[in-house]
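The following exercises introduce a single protein chain and its ligand. Please study the sequence and the model before reading each solution.

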Amino acid sequence: MKELGNTLGKVTGIITVVVVFVALVLIYLEDPEPVEYIRMTEDLKAQEENFRQQNKSCFILGASGETGKVLLKELLERNIFSKITLIGRRQLTFEGKEYENLVQEVVDFEKLDDHAAAFQGHDVGYCCLGTTRAKAGADGFVRVDHDYVLKSAELAKAGGVSQFHLQTSRGADKTSSFLYLKVKGQVEADVEALGFDRYAIYRPGVLLVERQESRSGEWLARKFFSALSAVCTTSMAIRVEAVAKAMVSNTVIKSEQKMEILENKAIAALAKPAEK
Ligand SMILES: NC(=O)c1ccc[n+]([C@@H]2O[C@H](COP(=O)([O-])OP(=O)(O)OC[C@H]3O[C@@H](n4cnc5c(N)ncnc54)[C@H](OP(=O)(O)O)[C@@H]3O)[C@@H](O)[C@H]2O)c1
């Protein structure tokens, strides 16, 4: 009995140490408070209306993906563009009247130069494209997450796009020794060099979404962060709906910055006013 008590005491001690350690790591990794974005969204409705009046058009890359499809829904609901074009590798089908006026451009990403026209005449471009190493292999991952994204951005710039919104990832860093973070950081930097009038990078943590396709590692992380998000706001995870809302709000707000990086917490702060 005494031995059982000792063992239980040890286990409780270890669990406490682990929990405190995880909490300290999470606090250390916290993003700075995004005060600036909270201020910029004060008159969001008026800014949205002003943007709407300008009859602008946009394209979305990755509209069939988890973030892209929620972004499309959000754009249709808030109706800030007079024309929305989806650029993707396959024709998508939608149910509902709101999807009727969409334009779709099916392109071969290996021959994007042949599809330059698809990228012409838009004001804003959104990119939620991406694959995984597990799905595409290391080379395939680089091809999609760097090469396709960069080539699309080049064509968009040449085609007259002034605002480019790119979804990358928390921890993106071109000097990282992790392929995923390195590629994300490299594509951020290469797109920046194109010199869009306005360029916004979104670096979400784990995306909280009920994904159709099964990715075991992501599933486990998502369950963990969903539970954590229920009790506190962290800079480690975010719902895809919040990413989409932040992208749309950020499109309409007036920003003095030519280039901006929105970490997970800034994305959450920017999304909030549109959630009301
Ligand atoms: N999942 C996360 O927790 C997480 C966290 C942080 C950042 N991110 C990043 O956020 C971005 C969006 O993530 P997500 O989970 O919303 O994406 P997703 O659901 O995996 O969708 C990816 C999109 O990219 C397209 N795509 C993939 N491979 C392609 C290829 N070879 N050629 C052309 N198109 C291709 C897909 O088109 P099809 O439908 O035709 O396949 C789809 O539209 C990605 O860059 C991802 O790395 C993800």
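**Exercise 1: Lysine 56**

Lysine 56 belongs to the loop between α3 (44-52) and β1 (57-61); helices (H or I, at least four residues) and strands (E, at least two) are DSSP runs, numbered from the N terminus. Residues are numbered from 1 along each chain as its sequence is written. The model is predicted: local features need pLDDT of at least 70, side-chain atom pairs count only at pLDDT 80 or more, and totals for chains, interfaces and linings use all residues.

Task: Determine how lysine 56 is classed by exposure, and which residues lysine 56 is in contact with.

Solution. Step one is the class. A residue is buried if 20 or more other C-beta atoms lie within 10 Å of its own, exposed if 12 or fewer, and partly exposed in between, with C-beta atoms placed from the backbone. Lysine 56 has 18 other C-beta atoms within 10 Å and is therefore partly exposed.

Step two concerns contacts, which require C-beta atoms, placed from the backbone, within 7 Å. With neighbours within four places in sequence left aside, lysine 56 is in contact with Phe81, Ser82, Asp123 and Val124.

Step three adds a distance: the C-alpha atoms of lysine 56 and lysine 83 are separated by 7.0 Å, although the two residues are 27 apart along the chain.

**Exercise 2: Two asparagines**

Task: State what is notable about phi of asparagine 55 and of asparagine 79, and decide whether each is buried or exposed.

Solution. Step one is the background: most residues other than glycine have a negative phi. Asparagine 55 has a positive phi of about 50°, and phi of asparagine 79 is likewise positive, near 50°.

Step two locates them. Asparagine 55 lies in the loop between α3 and β1, whereas asparagine 79 is found in the loop between α4 and β2 (83-88).

Step three applies the neighbour count. Asparagine 55 counts as exposed because it has 10 C-beta neighbours inside 10 Å. Asparagine 79 counts as exposed because it has 11 such neighbours.

**Exercise 3: The sheet**

Task: Give the order of the seven strands in the open sheet, and then describe the surroundings of β4.

Solution. Step one is the order, where two strands pair if DSSP finds at least two bridges between them. The strands follow the order β3-β2-β1-β4-β5-β6-β9, with parallel pairing. The edges are β3 (103-106) and β9 (259-263), each of which pairs on one side only.

Step two turns to β4 (residues 124-127). Strands β1 and β4 pair in the parallel sense over four bridges, with cysteine 58 opposite valine 124. Strand β4 also pairs with β5 (residues 163-167) in the parallel sense over four bridges. Here glycine 125 stands opposite phenylalanine 164, and the bridge partner of tyrosine 126 is histidine 165.

Step three concerns the two faces of β4. Val124 and Tyr126 point one way, Gly125 and Cys127 the other way, and all are buried.

Step four moves along the sheet. Strands β5 and β6 pair in the parallel sense over five bridges, and glutamine 163 has arginine 198 as its bridge partner in β6. Five of the six residues of β6 are buried.

**Exercise 4: The nonpolar core**

Task: Identify the residues with the most contacts inside the largest nonpolar core, and the helix that supplies its largest share.

Solution. Step one defines the core: a set of buried Ala, Val, Leu, Ile, Met, Phe, Trp, Tyr and Cys residues joined through C-beta atoms within 7 Å. The largest one has 61 residues, and those with the most contacts inside it are Ile60, Leu71, Tyr126, Tyr202, Val243, Ala246 and Ile267. Its largest share, eight residues, comes from helix α8 (residues 240-252).

Step two examines one member. Beyond four places in sequence, isoleucine 267 touches Tyr202, Pro204, Ile238, Ala242, Val243, Ala246 and Leu262.

**Exercise 5: The ligand shell**

Task: State which residues come nearest to the ligand and which elements supply at least two residues of the shell.

Solution. Step one uses the cut-off for the shell: a C-beta atom, placed from the backbone, within 6 Å of the molecule. Of the 22 residues around the ligand, Ser64, Gly65, Thr67, Gly130 and Leu207 come nearest.

Step two names the elements: α4 (66-78), α5 (133-158) and β7 (206-208) each supply at least two residues. The largest share, three residues, comes from α4.

Definitions and conventions:
Contact = placed C-beta atoms within 7 Å.
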